[in-house]
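Student: I have a structure open and would like to understand the words used for its hollows and its strands. Could you take me through them?

Tutor: Gladly; let's look together.

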Amino acid sequence: MKPQVGIEALAFAVPHRYLDIEDLARARGVEPAKYTAGLGAKEMAVPDPGEDAVALAATAAARLLRRNDVDPARIGMLVVGTETGVDHSKAVASHVQGLLKLPRSMRTFDAQHACFGGTAGLMAATEWIASGAGAGRVALVIATDLARYERLGAGEPTQGGGAVAMLVSERPEVLSLDVGLNGTCSMDVYDFWRPHGRREALVDGHYSIDCYLDSVAGAYRGWRERALAREVVRWGERTPSEQLARILYHVPFCKMAKKAHARVRRCDLEDGAGGATLSPEALDGASRSETSYGTQVATSLGLNARVGNAYTASLYLALVGVLHAEARALAGQRVGLFSYGSGCCGEFFSGVVGEGAARKLALADVDGVLAARERVSMEEYERVMAMPPGEPPQATPAPGTFRLVGIRDYRRVYAEG
Ligand code: HMG
């Protein structure tokens, strides 16, 4: 039997402030239903400059190692996926290594490709272990980002931030990955980008949605081809995508997952034996099935709806969210995952939820992390977002968290609570 590889444990961190999305809508003169029903948002993380990509990554990783009692000597690779790194050269991974006092005998690096960087890191770690190159060691993979758009712009209600840390090993108690089934679809497009020196992303919003949908269709078809060949799924009464217990999507805003799911269903309906017989209206209706969305997707969005976009971390927040909601029921079942990074690269992959997932998720303390946050007013949101990036407010980090406390001689200084 081939050795299993996948996620052994995970933990997450989010900024300590959040804004209710309806407060943002009212302040911007927008009907709140546009943000709640139209985008699927509830709350949005509001990071201050002390909660940068390094601080969130270190907080998530420290929680992971402490709560799961991980011996740091087991770790042979530390990879951070981020598009909001803090230096053109020095890796976020190096900062995390130093802050967590991890051993020197490991490979450390960052992976960047918009929101895809976390998945690039997860796959590098998984394939390193599966190839045997890891020689029994494990990898620490962290996805960490802050999503920031122009004030008053269309992207403003899709901001947020957070980090997810994952331990990847041959003991995948949370999710055993189907190595070798991944389907990818990449294109050279200008849908979303952030030129050097800019704090806010630039985005061609509606075009970015089209690019995401093209990419999910290509990546899903690639995964399906391999999954059919390996008889992981088959054409039959249920389409191949319906044979996945849940499908988790990259979540720039929750409604995007619904659009993506309809596109995946459409791929099956168009390509399957019955597709040719459906009228365009019937095809459209069957693609947008609320029943399928409710069963296969909706339960993964609870955490994303309360955090907003966290770029590289968003897909993995969906994983935390779905397992928080129903890990016990999903044990032993196969789920699909779609990662999208603008620019663009999309990857569809799958894995089987482990028997230990519920126990591991309890250690991630989802409710406790969310309950420790503070809701802020619109005035406070405006004040925090206007803070210069290099000048964090002087606040003592909460116990178990890290914060940027200043920049001296171009060197970033962090404190641990
Ligand atoms: P917009 O143009 O202001 O919104 O911004 P809209 O007019 O398209 O409306 C949004 C939805 O609300 C629509 O639903 C409306 O019908 C509905 P849809 O038709 O799409 O199903 N709506 C209402 N619903 C109920 N009651 C109402 C109401 N009014 C309208 N009263 C946009 C939307 C997403 C473009 C904007 O927020 C944006 O630019 N966001 C940032 C870009 C983004 O998130 N793109 C997603 C794909 S790219 C990606 O995922 C990568 C990314 O994460 C970055 C990376 O890879 O690094 C972004």
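Tutor: A pocket is an open set of grid points with protein on both sides within 12 Å along at least five of seven lines. Keep in mind that this is a predicted model. Its largest pocket has a volume of about 1500 Å³.

Student: What makes a residue part of the lining of the largest pocket?

Tutor: A lining residue has an atom within 4 Å of a point. By that test the largest pocket has 48 lining residues, and those nearest its centre are Glu-83, Thr-84, Gly-85, Val-86 and Arg-194. Two or more residues come from each of helix 4 (92-99), strand 5 (107-111), strand 10 (192-193), helix 14 (378-385), strand 16 (402-408) and strand 17 (411-416).

Student: What is the make-up of that lining by class?

Tutor: The lining of the largest pocket has 21 nonpolar, 13 polar and 14 charged residues. Gly counts as polar here, so Gly-85 belongs with the polar residues of this lining.

Student: What can you tell me about the second largest pocket?

Tutor: The second largest pocket holds about 650 Å³ of space. Its lining has 32 residues, with Gly-155, Thr-158, Gly-205, Ser-208 and Phe-253 closest to the centre. Helix 2 (32-38), strand 11 (202-203), helix 6 (205-229) and helix 7 (254-271) each give two or more residues to this lining. Helix 6 gives the most, with five residues. By class, this lining has 18 nonpolar, ten polar and four charged residues.

Student: Why are some spaces called cavities rather than pockets?

Tutor: In a cavity a 1.4 Å probe fits but cannot get out, whereas a pocket is open. The structure holds two cavities of 30 Å³ or more. In the largest cavity there is about 80 Å³ of space. Of its 15 lining residues, Ala-41, Pro-252, Phe-253, Asn-304 and Gly-308 are the closest to the centre. Seven residues of this lining are nonpolar, six are polar and two are charged.

Student: And which residues line the second largest cavity?

Tutor: They are Met-123, Thr-126, Glu-127, Leu-177, Asp-178, Val-179, Gly-180, Asn-182, Phe-349 and Ser-350, around a volume of about 40 Å³. Helix 5 (117-130) and strand 14 (345-353) each supply at least two of them, and helix 5 gives the most, with three residues. Asp and Glu count as charged, so Asp-178 and Glu-127 are the two charged residues of this lining.

Student: How do you know that strand 2 and strand 15 are paired?

Tutor: Pairing needs at least two bridges between the strands. Three bridges join strand 2 (residues 17-20) to strand 15, so the test is met, and these strands run parallel. Within this pair, Leu-19 stands opposite Val-376 in strand 15.

Student: Why are strand 3 and strand 15 called edge strands?

Tutor: The sheet is open, with three strands in the order 3-2-15 and mixed pairing. Strand 3 (43-45) and strand 15 (374-376) each have a single partner strand, so one side of each is left without a neighbour in the sheet. On average, neighbouring strands here are turned by 40° against each other, direction ignored.

Student: Which helix lies across these strands?

Tutor: Helix 14 lies across strand 2, strand 3 and strand 15, running at about 130° to strand 2. You have met helix 14 already, as one of the elements lining the largest pocket.

Technical notes
Residues are numbered from 1 along each chain as its sequence is written. This is a predicted model: local features need pLDDT of at least 70, side-chain atom pairs count only at pLDDT 80 or more; totals for chains, interfaces and linings use all residues. Side-chain values use heavy atoms; hydrogens and water are left out. On a 1 Å grid over the protein atoms alone, a cavity is a set of points where a 1.4 Å probe fits but cannot get out, and a pocket is an open set with protein on both sides within 12 Å along at least five of seven lines; lining residues have an atom within 4 Å of a point. Grid points are joined across faces, edges and corners, and a volume is the space filled by probe spheres set on the points. Helices (H or I, at least four residues) and strands (E, at least two) are DSSP runs, numbered from the N terminus. Axes are lines fitted to C-alpha atoms, for helices over the stretch in contact, and angles run from 0 to 180 degrees between N-to-C directions. Contact means heavy atoms within 4.5 Å.
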